[in-house]
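Visitor: I have a model open at my bench and would like to walk through it with you. Shall we take it one question at a time?

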Amino acid sequence: MKKSVSYIVLPVMMLFISLPVYASGEDDVKISDDNNTKCVSFEHDESEFNFSFPFMRDYTGAGRHNNGGHFSRWTVTSGLIGLGWNSTIDQTAGLKQRGSHSIDFFWGHILALRYRTARKGPSVSLGFGIDFRNWVTREGVYGRVAAGSGVVGCEPWPDGAYDGSSRLYAFSMMFPLTIRQSLSHGFTLTAGASLDVTTHASVRSSYRLDDVKYSSSWDGFDHNTIGFSVLGALQWHDIGVFARYTPTSPVKAENGMEFKTLTIGLAVAW
């Protein structure tokens, strides 16, 4: 767990170092000449609070597409939805996951509080969300190491078995802290870290033997409750791609089976 802490401490340190730099910029500018032939006003009005939800965004003010107008420092928002495919790295020897069937779906910001540091500066969001993952292997069957225990292990398929598939499922609550920076031409860059609290884990396995299908399932394997993720997304308007790295294994290392997860997929955020 100590190694994993560095993956979330570093982004948080970078966040607080960068905030004063962006927040110190001037947002109000007036330029005029003595003859009153030119007058350029970049003044704006910072409101106290705003809301930004799908199809319910408040874009009031003349400055949405220029340097003037209105913006809010604080916003209640929702978003940061991702659908991707898991691949495992640094896994226990002999444990091979099938990435094309291992899915990660998360809604990182069911509800989030966002602070905008400056008109063109980054916005910082702290939110709450949920995450559903599974990891699939066809190299063996996940099962209980001992009867009635919550310890999970991977054992070879029975002799003659075919069409075998075994999955680990995990459902977690997410608490992501992200920085979002608007770029040119409608692009946006998002980066951050998430504290992941796994509340439920289960195992599903099935295979065929002598034309008979066998299946098994059980809940509550001995999983890591606390985990961390580092994520980043590049979007064009609301649609883009994301990558997410999770250095904490869903299975406790003392069980003799562990792996880290790299997820790549599609992201939707606003």
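Visitor: In the hairpin of β9 and β10, which residue takes a positive phi?

Guide: Happy to help, and please keep in mind that this is a predicted model. Strands β9 and β10 run antiparallel and are joined by 19 bridges; one of the facing pairs is S165 opposite S206 in β10. The hairpin has 4 residues between these strands, and the residue there with a positive phi near 60° is H185.

Visitor: Which strand pairs with β9 over 13 bridges?

Guide: Look at D131, whose bridge partner in β9 is S172. The pairing spans 13 bridges in the antiparallel sense, and the partner of β9 (residues 162-182) is strand β6 (residues 123-137).

Visitor: Is F187 buried, partly exposed or exposed?

Guide: F187 sits in strand β10. Along with L183, L189, L234, W236, V241 and L266, F187 makes a nonpolar surface patch of about 670 Å². Both β10 (187-209) and β12 (226-236) give two or more residues to that patch. Buried means under 20% relative accessible area and exposed over 50%, so F187, at 36%, is partly exposed.

Visitor: Which side chain joins that of N86 in a polar contact of 2.6 Å?

Guide: N86 is found in strand β4 (residues 69-89). With a relative accessible area of 2%, N86 is buried. A polar atom of the N86 side chain lies 3.2 Å from the backbone oxygen of I103. The 2.6 Å polar contact, in turn, is between side chains, and the partner of N86 is T263.

Note on methods. Residues are numbered from 1 along each chain as its sequence is written. This is a predicted model: local features need pLDDT of at least 70, side-chain atom pairs count only at pLDDT 80 or more; totals for chains, interfaces and linings use all residues. Side-chain values use heavy atoms; hydrogens and water are left out. Patches are made of residues with over 30% relative accessible area and no salt bridge: like charges are joined within 9 Å, nonpolar side chains (Val, Leu, Ile, Met, Phe, Trp, Tyr) within 5 Å. Accessible areas come from the Shrake-Rupley method with a 1.4 Å probe; for residues, only the protein chains shown count as cover. A salt bridge is a side-chain nitrogen of Lys or Arg within 4 Å of a carboxyl oxygen of Asp or Glu. Buried means under 20% relative accessible area, exposed over 50%, partly exposed in between (1.4 Å probe, protein chains only). A polar contact is a pair of N or O atoms within 3.5 Å; within protein, one must be able to donate a hydrogen and the other to accept it, and residues adjacent in sequence count only if both atoms are side-chain atoms. Two strands pair if DSSP finds at least two bridges between them.
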